[in-house]
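Let's work through a couple of exercises together. Keep the sequence and the 3D view open as you go.

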Amino acid sequence: MRLNLYVKLLITLLFLNWLPAVHAHKVKLFATVIGDKIEGYVYFPGGERAQSVTVKIAFIDNQLVETVTTNEHGEFQFHAKYRATYRLIADIGEGHFAEYIIDSNELSDSLPTLATEKQPAVSSPPPAPTDQENHSFSQQQLIDLIEKAVSKQLKPLREQLETYQEKIFIHDVLGGVGYIFGVMGLLFYIAKQRSH
Amino acid sequence: MHIADGVLSAPVLITGITLSIAGVGYGLQRLDYERIPQVAVLSSAFFVASLIHLPIGFSNIHLVLNGLLGLILGWAAFPALAIALFLQAILFGFGGMSSLGVNVFNMALPAIICFYLCHHAARRAQHESLQFFYGFLAGSLAIVFSTCLIALSLFLSGEGFIRVIQLIFLAHIPVMVVEGIITGFIVVFLQQVRPELLATPVLSCD
């Protein structure tokens, strides 16, 4: 069967799509914000964590803020000093890199924004320590607490969404190939009708 | 390789759609009944190949395979590429829906040019290195012509031609090499295993 050869070619291509080496450039970065702390991890699509990877933390205009390195669990953290949009880039070399954008809205409201910082320091007053002693929270502390709680709840959802997107991609690939063969069947049908 | 929506001007889009419909129609009309599965499998191969990104140095590229499709399918490359590109557009957003016609034409015309340029020579070549050479030629020339057509489409839509062609051409040099090598190997392999595939094209264009 001459078709066999093509089928083999196609299966090879489909199979290649799953090989980790092909997706190796698809290193991924996931990050969440808790208050003023950005924490996250670098991983490969299979789920394996990337250790000792340098993660560049930059502002959205690519101005580098800091570089951090992932620990043995592939995790890293960073304390944001400004309420700005951050771009996190994990570069493992050879053109393999992952990027994640942290929107300024996700960061705590208590942080100074970049614009205010560029003007002569308008320092935000630190929360009064007396509040703690009174066992009542200032509004700012409450907001921080709520933000912390919400991002903790959202984290698993975001992770789920990422894996879901991976899955959808594979389904679409298979669906597309199936569609092409469906069209083939249709052409066969039309050709058969015509020959009668 | 895939032009997105909102980049090209209306006359270019309309020309692309018209030419593509004509090409697909002609390809379908002359399509052999027994060759339909072959077209489908190569169409699927093209569809999947664009999704596999190979890391090369500073960037990563994906295979196009339009040279191979042209070499084996001849005019049937038009419908094969049209279906695959349509699916890539709706499923993955590779190229826009309105620019589908232009994209089909930009990839299918080079495929057919390569068919006329290399098919005869590739199937006649006795020596392996010659077979590889013609396969390489078809694979890389298809990319060269495609990039020229893309640059032309952008130029006709008002972009600076020289700048655009420089950018696209430079970005595709690794693709040309890889594509040529892969097409070359496939041609050598086919000649050894199934020479009749190359000996009997989908359309007898001679």
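Two exercises follow, one on a sheet and one on nonpolar cores.

Before you start: this is a predicted model, where local features need pLDDT of at least 70, side-chain atom pairs count only at pLDDT 80 or more, and totals for chains, interfaces and linings use all residues. Residues are numbered from 1 along each chain as its sequence is written, with chains lettered from A and ligands numbered from 1 in the order in which they are written.

**Exercise 1.** Work out in which order the strands of the open sheet in chain A are arranged.

Step 1. Strands are DSSP runs (E, at least two residues; helices are H or I, at least four), numbered from the N terminus. Two of them pair if DSSP finds at least two bridges between them.

Step 2. The order is S1-S2-S5, with antiparallel pairing.

Step 3. S1 (28-34) and S5 (75-79) of chain A each have a single partner strand, so one side of each lacks a neighbour in the sheet.

Step 4. Now zoom in: S2 (residues 37-43) of chain A is joined to S5(A) by 5 bridges. For A:Ile38, the bridge partner in S5(A) is A:Phe78.

**Exercise 2.** Find which helix gives the most to the largest nonpolar core.

Step 1. Such a core is a set of buried Ala, Val, Leu, Ile, Met, Phe, Trp, Tyr and Cys residues joined through C-beta atoms within 7 Å; buried means 20 or more other C-beta atoms within 10 Å of a residue's own, with C-beta atoms placed from the backbone.

Step 2. The largest core has 78 residues, and B:Phe46 and B:Ala77 are among those touching the most other members.

Step 3. The winner is H5(B), with 14 residues.

Conventions:
Buried ≥ 20, exposed ≤ 12 C-beta atoms within 10 Å, placed from the backbone.
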